[in-house]
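Please look over the chain displayed below, with attention to how one of its helices is placed among its neighbours. The briefing that follows starts from a single residue and widens to the whole chain.

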Amino acid sequence: MSETETSNTSSSSIPLNIGIIGFGPFAQFLAKTMIKQGHFLFATSRSDHSQLCSQLGVQFYKDMNPFFYSNNYDVILISTSILSFSQVLSSIPFHLLRKPTLFVDVLSVKEYPRQLLLQVLPEEADVLCTHPMFGPESGKNGWEGLAFMYEKVQIRDEDICSRFLQIFRSEGCRMVEMPCEEHDKQAARSQFLTHTIGRVLAQMDIKSTSMDTKGFETLVYLKNDVIKNSFDLYSGLFVHNRFAEQELKNLELALETVKQNLLNKMDETT
Ligand SMILES: NC(=O)c1ccc[n+]([C@@H]2O[C@H](COP(=O)([O-])OP(=O)(O)OC[C@H]3O[C@@H](n4cnc5c(N)ncnc54)[C@H](OP(=O)(O)O)[C@@H]3O)[C@@H](O)[C@H]2O)c1
């Protein structure tokens, strides 16, 4: 079952204390809007992002321990790469949490973090699995109409959860509530396929010509857009989505069929 809704109505406007683990490009992008909305942000990451954080108004911790014991978090947002998620999760000192907390992930695959979070989080933690279906490029002019997928996996504190979702709802996101499994099925057909075609075009080194058609311009745009993302992100879409391999096979088969149809036509006409 999936439910799609669009709404701009506000619920609570009380600011949240949000701790971010993994302060890469996507977390930085999200942080700007969260700060604009008045939330209090704290971050920790493998690399030192303290300079950028001080510019943004985010308190940065180089170490996980002080990050955890120094603040009372409403939400812990995990935004590490898909490939490092398990390792990062296993290094979290959960015993330092000062109160039951909502854990949110934003990984572009969903069954995998759902399963791991349920395995390792303390029993009293709430779990919200999400995938904002946009990034720094597609969301650079605002989030109006962009899809935000989520599954409320284990929620006891509805108020905190709804205040977190409100961050996206109030920006005009199209809120899509969907089970993680269904997300992965659909994402393998859409996002993984898009990234794969973009990377195939990059492998072929396609470039604009002096006589581009609109169709070819679209291909060049796709290639340029897709390769802005890290290879870690792309390979994570494959390694941790059990539906992706089949889509890769479907693509190979489809290419083979298209080629065969052409060869048959050539035989017919010669
Ligand atoms: N980019 C998008 O448009 C987009 C959209 C929706 C969802 N997402 C999801 O958001 C998450 C972050 O994406 P991203 O675009 O920021 O880039 P990414 O390459 O997927 O992840 C970068 C982050 O992962 C951390 N990281 C990588 N390897 C690590 C390791 N071995 N140990 C600890 N930390 C490690 C990096 O830490 P340091 O920077 O500290 O080195 C950085 O915080 C991903 O799960 C992605 O699927 C991305």
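Glu-247 is found in helix H10, which covers residues 244–269. The model is a predicted one, and the points below are grouped by topic, beginning with this residue and moving on to helix H7 and the helices packed against H7.

**Glu-247 and its surroundings**

- Glu-247 has 19 other C-beta atoms within 10 Å and is therefore partly exposed, given that a residue is counted as buried at 20 or more.
- Leaving aside residues up to four places away in sequence, the residues that Glu-247 touches are Ala-188, Arg-189, Phe-192 and Leu-193.
- Between Glu-247 and Ala-188 there are 6.6 Å in space, taken from C-alpha to C-alpha, although the two are 59 residues apart in sequence.

**Helix H7: kink and burial**

- Helix H7 runs over residues 180–203, and a kink of about 50° in H7 is centred on Ala-187.
- The buried residues of H7 are Cys-180, His-183, Asp-184, Ala-187, Ala-188, Phe-192, His-195 and Gly-198, so that the residue at the centre of the kink, Ala-187, is itself buried because it meets the cut-off of 20 or more other C-beta atoms within 10 Å.
- The cover over these buried residues includes helices as well as strands, among them helix H5 (111–120), strand E7 (126–132), strand E8 (147–154) and helix H8 (214–226), together with H9 and H10.

**Packing of H7 with H9**

- Helix H7 and helix H9 (residues 231–239) pack with their axes 10 Å apart and at an angle of about 130°, and the two helices are therefore oblique to each other.
- The crossing in which H7 passes H9 is left-handed.
- On the H7 side the contact involves Gln-191, Phe-192, His-195 and Arg-199, which meet Tyr-234, Leu-237 and Phe-238 of H9; by residue class, the contact of H7 with H9 divides into four nonpolar, two polar and one charged.
- Phe-192 takes part in this contact with H9, is listed with the buried residues of H7, and is also one of the residues touched by Glu-247 of H10.

**Packing of H7 with H8**

- The axes of H7 and H8 cross at roughly 100° and come within 8 Å of each other, which means that H7 is roughly perpendicular to H8.
- H7 contributes Thr-194, His-195, Ile-197, Gly-198, Arg-199, Leu-201 and Ala-202 to the contact, while H8 contributes Leu-219, Leu-222, Lys-223, Asp-225 and Val-226.
- The residues of the contact of H7 with H8 divide into six nonpolar, three polar and three charged.
- His-195 and Arg-199 appear in the contact with H8 and also in the contact with H9.

**The loop after H7**

- Asp-205 follows H7 and has its place in the loop between H7 and H8.
- Its phi is near 55°, a positive value in a residue other than glycine.
- Asp-205 counts as exposed because it has 7 C-beta neighbours inside 10 Å, where the cut-off for exposed is 12 or fewer.

**The chain as a whole**

- The chain has ten helices and nine strands, and of its 270 residues 32% count as buried.
- Taken along the principal axes, the C-alpha atoms fill a box of roughly 75 × 40 × 35 Å.
- Among contacts between residues at least 6 apart in sequence, 72% join residues at least 24 apart.

Key
Residues numbered from 1 in each chain as written. Predicted model: local features only at pLDDT ≥ 70, side-chain atom pairs only at ≥ 80, totals over all residues. Axes fitted to C-alpha atoms, helices over the stretch in contact; angles between N-to-C directions. Helix = DSSP H or I, 4+ residues; strand = E, 2+ residues; numbered from the N terminus. Parallel < 35°, antiparallel > 145°, perpendicular 65-115°, else oblique. Left-handed = near helix turned anticlockwise from the far one by under 90°. Contact = placed C-beta atoms within 7 Å. Nonpolar A, V, L, I, M, F, W, Y, C, P; charged D, E, K, R; others polar. Bend = angle between axes of the 7 residues up to and from the residue.
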